[in-house]
Amino acid sequence: MRTITKQQAREFILAKQGLTGAYRFTGKDGAYAFINQAGCIQYDPVDVCGKNAELTLQSRVKGFRKEMLEELLYQDRKLVDYPDKELSVWPLEDWPYFSSYREKSRKHAEAFEGMAQLKEQALSYIRDNGPVCSDTLPIRGEIFWHSSMHWSGNRDRNSRAARSVLEQLYTEGELIIHHKNGSRKYYDLADRYIPESILRAENPCRNEEEYLAWRMLRRIGAVGLLWDKNSPALLGLRMDAEKRKEILARMTEKDSVVPVHVEGIRPLFYYRSEDDPLMHDVLEGRTDLKPRMSLIAPLDPLLWDKALILALWDFRYSWEIYTPADKRRYGYYTLPVLYGDRFAGRIDASAERKKGILRVKGLWWEPGVRQTKKLQTALNQTLKRFARFNDCQKILTEEQAVLFAE
């Protein structure tokens, strides 16, 4: 079995992610190509300096603009926003693989008295009136439900009935998101937008184990190199260590993944067999390592497993959005700064779009990062790109903006 160094592991991941050297992804086609490679990218509605999915794309896609993602989702219909790793954005062609997820949702709903009638009422209204949100669907009252948008008699949480019915039909695949207005979702009938050949296609996975293997392979591809541990990168797959090892062993036997040792780290790592040429390029020193600076999204596939990032890069990152203000070390929406093959620091920036200002509230460099002219030039260029991405014309920093990590 091959053994690689931590440096080679880092180079492999960054090359696979399209975060080093010349840009591999360009424009709207590049945005689609990256999402297709990753399998899914996470959606989050918080918008401090761009939403998470948009931030994920701006770091890799040359010339990316926010409207490109909107077009791919709601005009071209090449992508769909639907649960995967939490709420995510993924290629529409993967729709058949989630058949079992939708079927489970339907079965959960059957246990809820009166749900069938409420669903038909909602579908009938949408057929006649087009896209709706929870405020415009005329279903009143409250429905009690709990985790994962599945129905239960337990009164763990209450919601307006219209919202609950729409979300149930959405998880069942009867509705898709037609568009969003801010964080508000508008739903329409799935069969108006998804071709019949995809909408009614049979599940390519014959059983739950094949489905888990497909999703695990997808997540390995999203990160690039993933270890055999209980990883947040596998969130939602619901498997214990024994099942994970069993599936990894079977995928290795089928030559869909390649195991490797990383020096100094005990668990085995795996990458997709299709990426073997890239691994050979890394081992033979043929990868493009020209330094590039990128601001990384908090829920970026690169950061799905923060323990892996700590093990390979010695960089500790915590998304402090849910940390009480008085306990934050950095900021509410601080982004890691990737420069070349290392995490060089982190930045706290917010976009004041009505004023056209990108405000840099804090910039913390990691210990050992030399303040060179080359670094400053890269930072200036990155901030200018980031300002344009956020529709801002000015960049303002505070006197205390440039700080050094302890």
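**Exercise 1. Two loop residues around α10**

In which loop does D255 lie, and is D255 buried or exposed? Work the same points out for R238, and give phi for both residues.

*Solution.* Keep in mind that this is a predicted model.

- Step 1: Place D255. D255 sits in the loop between α10 and β13 (257-262).
- Step 2: Check its accessibility. The cut-off for exposed is over 50% relative accessible area, and D255 has 54%, so it counts as exposed.
- Step 3: Look at the backbone. D255 isn't a glycine, yet its phi is positive, about 65°.
- Step 4: Move to R238, which is in the loop between β12 and α10. With a relative accessible area of 75%, R238 is exposed.
- Step 5: Phi of R238 is near 50°, again a positive value in a residue other than glycine.

**Exercise 2. A serine in the β12-α10 loop**

Is S231 buried or exposed, and which residues does S231 touch beyond four places away in sequence?

*Solution.*

- Step 1: Find S231 in the loop between β12 (226-227) and α10 (241-253).
- Step 2: Compare its accessibility with the cut-off. Buried means under 20%; S231 comes in at 4%, so it is buried.
- Step 3: List its partners. Leaving out residues up to four places away in sequence, S231 touches L226 and D305.
- Step 4: Set this beside R238, which lies in the loop between β12 and α10 and is exposed at 75%.

**Exercise 3. How α9 meets α10**

At roughly what angle do the axes of α9 and α10 cross, and what kinds of residues make the contact?

*Solution.*

- Step 1: Take the axes. Those of α9 (residues 208-223) and α10 come within 10 Å and cross at roughly 80°.
- Step 2: Name the arrangement. At that angle the two helices are therefore roughly perpendicular to each other.
- Step 3: Collect the residues. From α9 you get E209, L212, A213, M216, L217 and I220, which meet K243, R244, E246, I247, L248, R250 and M251 of α10.
- Step 4: Sort them. The contact of α9 with α10 has eight nonpolar residues, no polar ones and five charged.

**Exercise 4. Two more helix pairs**

Describe how α2 crosses α4 and how α5 crosses α7, then sort the contact residues of each pair.

*Solution.*

- Step 1: Start with α2 (residues 27-38) and α4 (residues 66-74). Their axes come within 9 Å and cross at roughly 65°, so this pair is roughly perpendicular. The crossing of α2 past α4 is right-handed.
- Step 2: On the α2 side the contact uses G27, K28, A31, Y32 and I35; on the α4 side, M68, L69, E71 and L72. They sort into six nonpolar, one polar and two charged.
- Step 3: Now α5 (residues 99-110) and α7 (residues 161-172). Here the axes come within 7 Å and cross at roughly 140°, so α5 and α7 are oblique to each other.
- Step 4: Y101, R102, S105, R106 and A109 of α5 meet Q168, T171 and E172 of α7. That contact splits into two nonpolar, three polar and three charged residues.

**Exercise 5. The buried side of α11**

Which residues of α11 are buried, and why do they lie on the same side of the helix?

*Solution.*

- Step 1: Pick out the buried residues of α11 (residues 276-283): L278, M279 and V282.
- Step 2: Check the directions. They span an arc of only 100° around the axis, so they share one side of α11.
- Step 3: Recall the helix geometry. An α-helix has 3.6 residues a turn, so residues three or four places apart point the same way.
- Step 4: See what lies over them. The cover includes β1 (3-4), α1 (6-17) and β14 (265-272).
- Step 5: Follow the chain onward. After α11 comes G285, with a positive phi near 70°.

**Exercise 6. I139 and E398 compared**

For I139 and E398, state the loop, the exposure and the contacts.

*Solution.*

- Step 1: I139 is in the loop between α6 (115-129) and β7 (142-146). Its relative accessible area is 4%, so it is buried.
- Step 2: Not counting residues up to four places away in sequence, I139 touches L118, Q121, A122, A161, A162 and V165. L118 is 21 residues from I139 in sequence, with 7.9 Å between their C-alpha atoms.
- Step 3: E398 is in the loop between β19 (394-397) and β20 (402-404). At 35% relative accessible area, E398 is partly exposed.
- Step 4: With the same sequence neighbours left out, E398 touches R359, V360 and K361. E398 and R359 are 39 residues apart along the chain, and their C-alpha atoms are separated by 8.2 Å.

Technical notes. Residues are numbered from 1 along each chain as its sequence is written. This is a predicted model: local features need pLDDT of at least 70, side-chain atom pairs count only at pLDDT 80 or more; totals for chains, interfaces and linings use all residues. Side-chain values use heavy atoms; hydrogens and water are left out. Buried means under 20% relative accessible area, exposed over 50%, partly exposed in between (1.4 Å probe, protein chains only). Helices (H or I, at least four residues) and strands (E, at least two) are DSSP runs, numbered from the N terminus. The arc is that of the directions from the helix axis to the C-beta atoms. Contact means heavy atoms within 4.5 Å. Axes are lines fitted to C-alpha atoms, for helices over the stretch in contact, and angles run from 0 to 180 degrees between N-to-C directions. Angles under 35 degrees count as roughly parallel, over 145 as roughly antiparallel, 65 to 115 as roughly perpendicular and the rest as oblique. A crossing is left-handed if the near helix is turned anticlockwise from the far one by less than a right angle, and right-handed if clockwise. Ala, Val, Leu, Ile, Met, Phe, Trp, Tyr, Cys and Pro count as nonpolar, Asp, Glu, Lys and Arg as charged, and the others, Gly among them, as polar.
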